[in-house]
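Here's a walk through one protein model, strand by strand and helix by helix. Have a look at the structure first, then read on.

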Amino acid sequence: MDDPPTSTPEQGELFPDPLLGAGFDGTPDQLVGFRGPTATQVVGITYRQLDYWARTGLVVPSIRGAAGSGSQRLYSFKDVLVLKVVKRLLDAGVSLQNIRVAVEHLRRRGIRDLAGITLFSDGTTVYECSSPEEVVDLLRGGQGVFGIAVSGAMREISGSIKDFPVERADGGTVDESPEDELSRRRSRKAIS
């Protein structure tokens with residue numbers, strides 16, 4: 001029996017697949033992140049909200065926190081994903097107290113686990129469902145609920161965040177647009 005083909009990133013892909021566990025240029029997600037202004041634009045919140053959420057411990061940047069005036073927080077891809085989920089829960093009217101419980105639960109999960117989760121809420125309580133059976137059981141209660149597919153938020157962020165600058169926590173450089181084979185051929189042809 002032949003082995004199944006392995007999945008490889010598309011040629012010229014600018015943003016990594018977060019499920020592969022590596023960030024930009026093969027650098028682990030814990031070392032490469034996004035500054036606050038990028039996070040606010042990708043998520044659709046104000047800088048004031050981002051600052052408040054960081055200061056109150058709702059969503060704290062996992063790569064680098066603020067260390068005084070002029071320092072920049074650095075948010076990982078997972079942090080930005082959690083910010084997006086928080087915004088959606090707030091937009092749906094979920095209380096900040098219940099959002100804090102949900103965020104604490106999300107923080108303990110790996111990025112692979114998050115991709116398989118759908119969060120549901122009736123406006124009061126947040127529920128996690130990871131199978132169709134759990135969704136059906138939740139809906140049997142007859143209450144109106146809304147859902148957030150975390151994988152959908154992940155794809156949305158992956159699509160939009162690739163247009164923003166990234167930064168390494170250790171000060172190194174990040175190859176944001178790795179050259180694909182076609183670009184290399186064109187540049188060699190133009191030189192010769």
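Which residue in β5 is the bridge partner of S121? That would be F146. Keep in mind that this is a predicted model, so let's check the confidence before going further into the strands.

**How confident is the predictor?**

The protein chain has an average pLDDT of 75, and 71% of its residues reach at least 70. Residues 1–27 are a weak spot, with pLDDT below 50, although the model gives this stretch 41 contacts beyond near neighbours in sequence. Another one is residues 176–180, where pLDDT stays under 50 and the model has eleven contacts beyond four places in sequence.

**The sheet with β3 in the middle**

Back to the strands around S121. The order here is β4-β3-β5, an open sheet of three strands with antiparallel pairing. On the edges sit β4 and β5, each of which pairs on one side only. From one strand to the next, the twist averages 25°.

Take the β4 side to begin with. Strand β3 covers residues 118–121 and strand β4 residues 126–129, and they pair in the antiparallel sense over four bridges. Within that pairing, L119 stands opposite E128 in β4. Together β3 and β4 make a hairpin, with four residues between them. In the turn, G123 has a positive phi of about 95°.

Over on the other side, β3 runs antiparallel to strand β5 (residues 146–149), and four bridges join them. The S121 and F146 bridge belongs to this pairing of β3 with β5. A helix covers these strands too: α7 lies across β3 and β5, and runs at about 50° to β5.

**The sheet with β1 in the middle**

The other sheet to look at is also open and has three strands, in the order β2-β1-β6, again with antiparallel pairing. Its edge strands are β2 (74–75) and β6 (167–168), which each pair on one side only.

Strand β1 (residues 32–35) is joined to β6 by two bridges, and the two run antiparallel. Here G33 stands opposite E167 in β6. Two bridges also join β1 to β2, once more antiparallel, and in that pairing R35 faces L74 in β2.

Which helix lies across β1 and β2? It's α1, running at about 80° to β1.

**How the helices pack**

Two helix pairs are worth putting side by side, and α3 takes part in each of them.

| Helix pair | Residues | Angle | Axis distance |
|---|---|---|---|
| α1 and α3 | 36–43 and 77–91 | about 45° | 10 Å |
| α3 and α7 | 77–91 and 150–161 | about 120° | 10 Å |

Start with α1 and α3, which pack at an angle of about 45°. That angle makes α1 oblique to α3, and their crossing is right-handed. On the α1 side the contact is made by A39, V42 and V43, and on the α3 side by V80, L83, K84 and K87. What kinds of residue build the contact of α1 with α3? Five are nonpolar, none is polar and two are charged.

Now turn to α3 and α7, whose axes are 10 Å apart at an angle of about 120°. Why is α3 oblique to α7? It's because of that angle of about 120°. Here too the crossing is right-handed, with α3 passing α7. From α3, the contact takes in F77, V80, L81, K84, V85 and R88. From α7 come V150, A153, M154, E156, I157, S158 and I161. Sorted by type, the residues of this contact of α3 with α7 are nine nonpolar, one polar and three charged.

Two residues of α3 are worth picking out before you go back to the model. V80 and K84 take part in the contact with α1, and V80 and K84 are also listed in the contact with α7.

**Putting the pieces together**

So where do the helices meet the sheets? On one side of the story, α1 lies across β1 and β2 and packs with α3. On the other, α3 packs with α7, and α7 lies across β3 and β5.

Key:
Residues numbered from 1 in each chain as written. Predicted model: local features only at pLDDT ≥ 70, side-chain atom pairs only at ≥ 80, totals over all residues. Heavy atoms only, no water. pLDDT = per-residue confidence, 0-100. Contact = heavy atoms within 4.5 Å. Axes fitted to C-alpha atoms, helices over the stretch in contact; angles between N-to-C directions. Parallel < 35°, antiparallel > 145°, perpendicular 65-115°, else oblique. Left-handed = near helix turned anticlockwise from the far one by under 90°. Nonpolar A, V, L, I, M, F, W, Y, C, P; charged D, E, K, R; others polar. Pairing = 2+ DSSP bridges.
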